[in-house]
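Trainee: I am new to this structure and would like to learn how to read its features one at a time. Could you take me through them slowly, with the general idea before each case?

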Amino acid sequence: MILAKFLNNLFKKGGFELIDANSKKHVIGNPKEKKPLIIKLFDKSLHYKLLFYPDFYFGEAYTEGTLTIENGTLTEFLNMALQNIGRKETNFFSEILNNIGGSYRYLTNFNFIKKSKINAARSYDISDDLYDLFLDSKRQYSCAYFKNENDSLETAQNNKIEHIIKKLNIKPNQKVLDIGSGWGSLAIEIAKKTQCQVLGITLSKNQFAYSNKKAKAMNMGNQVEFRLCDYREVEEKFDRIVSVGMFEHVGINFFPNFFLTTHKLLNDRGIFLLHTIGRNTPSRSTDPWTNKYIFPNGMIPSPAQISKSAQGLFVIEDWHNFGQDYDPTLMAWNENFQKSYDNLKDRYDERFKRMWEYYLLMCAGTFRSRRNQLWQLILSKKGIKGGYSYQNSHRPNS
């Protein structure tokens, strides 16, 4: 079997048993002698699909239930696979297909305002019940900040909010723009803790309605405003700009425009905090499975892509990487999702459960293996007088 030969060449550390769609067993690598992890295939087309494009078809087969895992977990298999793959392409065919797909998405990834709104609706206007069940109480859908190993998800997400507020060094009555404000918690907390004026913008109708309802319930309407609009539709000037988990949706062709627009919106002595997932090497596409099923037209930037797009516009005052925190964040989300799934059964079937599980655990694996990073950048237009400093912005001894 050609697939088995390919997998044996790939898996040099650890191993598993592969049961193909003809019920034939193949030993891959060096599996455990007792109760080895087993991958079972139930569709003969996977014999060649997983050979030519495992980056996409493994996740799809898991979602569709045509591939199952026994004597182990998806996390265990992903850890093993990522350890063997490292940061390289899975194989020659995957590299070609990813390059072709990357070129296609580069040429067609024009996230104009109308298209961006459609993409946001696909990602975030699924159901508030879903996000309410697996996120923390403030619905922070971005990497938490674990100051201590025993921090709960709730504590770590509050740490993240406090961390951002301190980094921005906001003064009372200043104007703050939150680009991609999600369900509004960050904007509301910034306004409450710093006595400033905050404008939060989102492209999601669900998030917009939820944010307004929450601000009204907390009597924060005089300090916080939410708009259903694109960042390119904002015209005011701001003393501070913050964007958390939104830059990944901008699209590679619009990276320069994003920085040009934020430069225009920021006052000369202002500060811009950009919180984004990142990857070590430049690419013109994102993971093909995630692009189809979770975040259409998403794009994870590299350091070079960010620097090139921001050059001539901003001084990069600080670049903080705490990508290791996304692993426990995603694992906590998956734990919450699994515990709460019974409350979603009337809306979402088992296929959706497998899809969401694969999304959360696959993403956790990419951060655990350091294929992906999480960055917070501090940018200024003319350089902060005396230089930027934030006491305790990084963990002690880290």
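**Reading the sheets, a pocket and two loops**

Mentor: Let us begin with one pair of residues: Arg240 has Ile271 in S9 as its bridge partner. Please keep in mind throughout that this is a predicted model.

Trainee: How many bridges join S8 to strand S9, and in which sense do the two run?

Mentor: The general idea is that strands of a sheet pair through backbone hydrogen bonds, in either a parallel or an antiparallel sense. Here S8 and strand S9, which covers residues 266-279, run parallel and are joined by six bridges. Between the two, the chain passes through helix H11 (residues 255-265), and this β-α-β crossover from S8 to S9 is right-handed. Helix H11 also lies across S5, S8, S9 and strand S11 (372-380), and its direction makes about 150 degrees with that of S9.

Trainee: Which strand pairs with S8 in the parallel sense over four bridges?

Mentor: That is strand S5, residues 175-179. Going along this pairing, Val176 has Arg240 in S8 as its bridge partner, Leu177 stands opposite Ile241, and Ile179 is matched with Ser243. Arg240 therefore appears in two pairings, since S8 has a strand on either side in the sheet order S7-S6-S5-S8-S9-S11-S10.Trainee: What can you tell me about the whole sheet, and which strands are its edge strands?

Mentor: Seven strands form this open sheet, with mixed pairing. Its edge strands are strand S7 (224-228) and strand S10 (315-321), each of which pairs on one side only. On average, neighbouring strands are turned by 15 degrees against each other, direction ignored. Helix H9 packs on this sheet, where it touches S5, S6, S7 and S8, and its direction makes about 155 degrees with that of S7.

Trainee: Why is strand S8 described as largely enclosed by the rest of the structure?

Mentor: A residue counts as buried when its relative accessible area is under 20%. In strand S8 (residues 238-244), six of the seven residues are buried, so the strand is largely enclosed by the rest of the structure. The reading for S5 follows the same path, because four of its five residues are buried and the strand is largely enclosed as well. S5 also pairs with strand S6 (residues 197-202) in the parallel sense, over five bridges, and in this pairing Leu177 stands opposite Leu199. From S5 the chain crosses to S6 through helix H9 (residues 185-194), in a right-handed β-α-β crossover.

Trainee: Where does the second largest pocket find its lining, and which residues lie nearest its centre?

Mentor: The lining consists of 17 residues, and those nearest the centre are Asn169, Arg240, Ile271, Ile384 and Tyr388. You will recognise Arg240 and Ile271 as the bridge partners with which we began. The space in this pocket comes to about 210 Å³. Helix H8 (153-168) and S9 each supply at least two residues of the lining, and S9 gives the most, with four residues.

Trainee: What is the strand order of the open sheet of four strands?

Mentor: The order is S2-S1-S3-S4, and the pairing is mixed. Strand S2 (25-29) and strand S4 (67-70) each have a single partner strand, so one side of each is left without a neighbour in the sheet. From one strand to the next, the twist averages 25 degrees. Strand S3 (residues 38-41) pairs with S4 in the antiparallel sense over four bridges, and Leu41 stands opposite Leu67 in S4. Helix H4 (residues 74-85) lies across strand S1 (15-19), S3 and S4, and runs at about 115 degrees to S1.

Trainee: What should I look for in the loops of this part of the chain?

Mentor: One feature to read is the sign of phi, for most residues other than glycine have a negative phi. Ser23 is not a glycine, yet it has a positive phi of about 70 degrees, and its place is in the loop between S1 and S2. Lys35, likewise not a glycine, has a positive phi of about 50 degrees and is found in the loop between S2 and S3.

Trainee: Are Ser23 and Lys35 buried or exposed?

Mentor: The cut-off for exposed is over 50% relative accessible area. Ser23 is exposed, with a relative accessible area of 62%, and Lys35 counts as exposed at 67% relative accessibility.

Technical notes. Residues are numbered from 1 along each chain as its sequence is written. This is a predicted model: local features need pLDDT of at least 70, side-chain atom pairs count only at pLDDT 80 or more; totals for chains, interfaces and linings use all residues. Side-chain values use heavy atoms; hydrogens and water are left out. Two strands pair if DSSP finds at least two bridges between them. Axes are lines fitted to C-alpha atoms, for helices over the stretch in contact, and angles run from 0 to 180 degrees between N-to-C directions. Contact means heavy atoms within 4.5 Å. Buried means under 20% relative accessible area, exposed over 50%, partly exposed in between (1.4 Å probe, protein chains only). A crossover is right-handed if, with the strands pointing away from the viewer, the path from the first strand over the helix to the second runs clockwise. On a 1 Å grid over the protein atoms alone, a cavity is a set of points where a 1.4 Å probe fits but cannot get out, and a pocket is an open set with protein on both sides within 12 Å along at least five of seven lines; lining residues have an atom within 4 Å of a point. Grid points are joined across faces, edges and corners, and a volume is the space filled by probe spheres set on the points.
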